[in-house]
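Okay, can everyone see the screen? I'll put the model up and then talk you through a few places in it.

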Amino acid sequence: MKVHLIGILLLLGSFVKANDLVQIPFIEVTNANEWQAAFDQAKTENKLVFVDAYTDWCSYCHKLDKEVYTDQSVVDYYSKNFINVKFDAESDFGYPKADQLNISGYPTLLFMTGQDQVFKVVDGFVPAEALLSYGKEISRMISRRPDLEAKFDANTITRDEHLEFIGILEGTDEVKASEVAKAYVKKLKEEDFLDLQNIWLLARHQNQLNGYPYLYISTHKDLLVEAHGINEYNDYMTAVYNDNLELAIKYGDDQLMNDIVLNVLPHFVENDQLPNARFSTRSVYYGQRGEFERYKIEVNSYMNNHLSNDSKADFALSTTYEIIENYASNDMIAFSTQLLKQALDIDEKNFELNSIIGYAKGLLGDYKDADKYIEIAKSLAEGEEELEIVQSLADAVQMMKEGQD
């Protein structure tokens with residue numbers, strides 16, 4: 001009996017060891033030093049980093065562990081070609097890291113360079129065969145870079161190779177990607193600007209409003225729409241809009257912001273929607289820049305000059321939500337209560353207006369007014385759902401009060 005028991009234990013031991021081998025050798029990272037050490041190792045070994053951002057409650061994260069990371073072909077390839085990293089996105093280290101990497105769903109898989117730059121993101125569960133394909137394709141692309149770089153430097157690179165080189169650089173070296181893209185664009189003829197592949201390259205790298213590619217495409221809308229459809233044209237203009245607005249916000253460039261409002265928006269926004277689009281652009285610009293007096297002017301001007309009375313309640317509410325979420329100083333919350341009061345003068349029986357102004361008054365420490373508006377909201381509530389909403393706001397105000405005592 002003892003002999004049989006020892007034999008069983010030996011078999012179990014060998015089974016555990018076998019299972020230990022059939023797993024991607026992940027480094028479980030729990031702090032910034034461990035993260036940096038993994039990327040230092042990647043640079044030393046000239047490898048990419050494969051990152052699995054997971055949470056304990058994510059069922060597909062566990063499915064990856066059980067079905068994909070134990071697949072022998074995946075294990076063999078990723079063990080040889082990647083430094084493999086895992087982190088819990090809801091840990092003290094993981095939460096800010098996930099935010100930094102713009103991760104919002106789980107699992108999220110990232111292929112990163114040794115310089116801590118994201119090369120490709122894969123959202124959600126992928127089967128073993130697909131993960132293996134991703135790994136091989138990304139490895140192939142990275143291995144192609146030296147050859148393509150040599151051809152580029154020797155000016156013997158073909159059009160397709162040039163585009164491939166730019167695609168690789170976009171994941172590994174953004175500055176170099178822009179330089180190589182600029183050289184590619186210089187070789188284009190006017191008719192090349194209407195090629196779909198070129199259009200999207202131009203959207204990423206050559207979308208300055210004073211640049212010839214943008215000027216050509218924006219003034220040849222009919223040709224582009226005829227070739228590719230209105231959606232492609234609008235998508236291109238949207239990309240130009242987003243990138244230039246980001247630049248305007250970053251550098252505080254009022255002129256660029258005004259050019260976007262006056263010259264870019266009309267290319268892809270219908271006339272009846274232009275006032276709203278222009279207001280949204282200006283308000284985002286001033287809000288993100290922290291220029292709140294100008295933000296207030298834009299809000300008041302749009303509310304008073306472009307909205308019907310029937311629309312003012314929704315506008316006041318949406319603006320208040322934006323302020324509370326993004327610009328929640330006392331001064332700005334006080335400004336939002338003015339908007340809400342203006343809307344209440346038109347629609348005093350509005351349940352949501354009374355609820356939110358009560359909450360906003362609580363944020364300002366004006367508990368007498370907060371209680372007044374919340375009681376009005378309770379009297380206007382219809383059904384259990386609205387009663388629950390207003391009660392939760394009343395509870396929040398009460399907690400604010402107790403925090404002041």
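So let's start in the loop between helix H2 (32-45) and S2, which is where Asn46 sits. Keep in mind that this is a predicted model. Asn46 has a positive phi of about 55°, although it isn't a glycine. Is Asn46 buried or exposed? At 72% relative accessibility, Asn46 counts as exposed.

Asn155 gives us another positive phi in a residue other than glycine, near 60°. You'll find Asn155 in the loop between H6 and helix H7 (159-172). Asn155 is exposed too, with a relative accessible area of 57%.

While we're on backbone geometry, have a look at Tyr106 and Pro107: a cis peptide bond joins them, with omega at about -5°. Pro107 is in the loop between H5 and S4.

Tyr106 comes up again when we get to the rings. Searching the whole structure turns up 27 aromatic pairs. One of them is Trp57 with Tyr106, an edge-to-face pair, 6.2 Å centre to centre and 90° between the planes. What does that pair tie together? Well, Trp57 is in the loop between strand S2 (48-54) and helix H3 (59-68), while Tyr106 is in the loop between helix H5 (94-100) and strand S4 (108-112), so the pair links parts that are 49 residues apart in sequence. Trp57 is exposed, at 56% relative accessible area, and Tyr106 is partly exposed, at 23%.

Then there's Tyr285 with Tyr286: the ring centres are 5.3 Å apart and the planes are at 70°, so that pair is edge-to-face, given that anything over 60 degrees gets that label. Tyr285 and Tyr286 are both buried.

Ring pairs also build a cluster, made up of Phe26, Phe50, Tyr69, Tyr77, Tyr78, Phe82 and Phe111. And for those of you who like cations over rings, the charged end of Lys63 sits over the ring of Phe125, 5.4 Å from its centre. Lys86 lies over the face of Tyr54, at 4.8 Å from the ring centre.

Now, the inside. In soluble globular proteins, nonpolar side chains tend to be buried together. Here the largest nonpolar core has 91 residues, and Tyr78 and Leu131 are the ones with the most contacts inside it. Which element gives the largest share of this core? That's helix H12 (residues 230-251), with nine residues. As for Tyr78, if you leave aside its neighbours within four places in sequence, its contacts are Ile24, Phe50, Asn84, Phe111, Leu131, Leu132, Tyr134 and Gly135. There's also a second, separate core of 18 residues, and among its members are Trp35, Ala42, Ala53 and Ile103.

Last stop, the sheet. It's an open one with five strands, in the order S1-S3-S2-S4-S5, and the pairing is mixed. Which strands are at the edges? Strand S1 (27-28) and strand S5 (118-123), each pairing on one side only. S4 and S5 run antiparallel, with five bridges joining them. If you want a particular bridge to click on, Leu110 has Val121 in S5 as its partner. Helix H6 (residues 128-153) packs on the sheet and touches S2, strand S3 (82-88), S4 and S5. The direction of H6 makes about 165° with that of S5.

Okay, that's my tour. Over to you for questions.

Terms used. Residues numbered from 1 in each chain as written. Predicted model: local features only at pLDDT ≥ 70, side-chain atom pairs only at ≥ 80, totals over all residues. Heavy atoms only, no water. Phe/Tyr/Trp six-rings, centres within 6.5 Å; stacked < 30°, edge-to-face > 60°. Helix = DSSP H or I, 4+ residues; strand = E, 2+ residues; numbered from the N terminus. Buried < 20%, exposed > 50% of the residue type's maximum accessible area, 1.4 Å probe, protein only. Lys NZ or Arg CZ within 6 Å of the ring centre and 35° of its normal. Core = buried A, V, L, I, M, F, W, Y, C linked by side-chain atoms within 4.5 Å. Contact = heavy atoms within 4.5 Å. Pairing = 2+ DSSP bridges. Axes fitted to C-alpha atoms, helices over the stretch in contact; angles between N-to-C directions.
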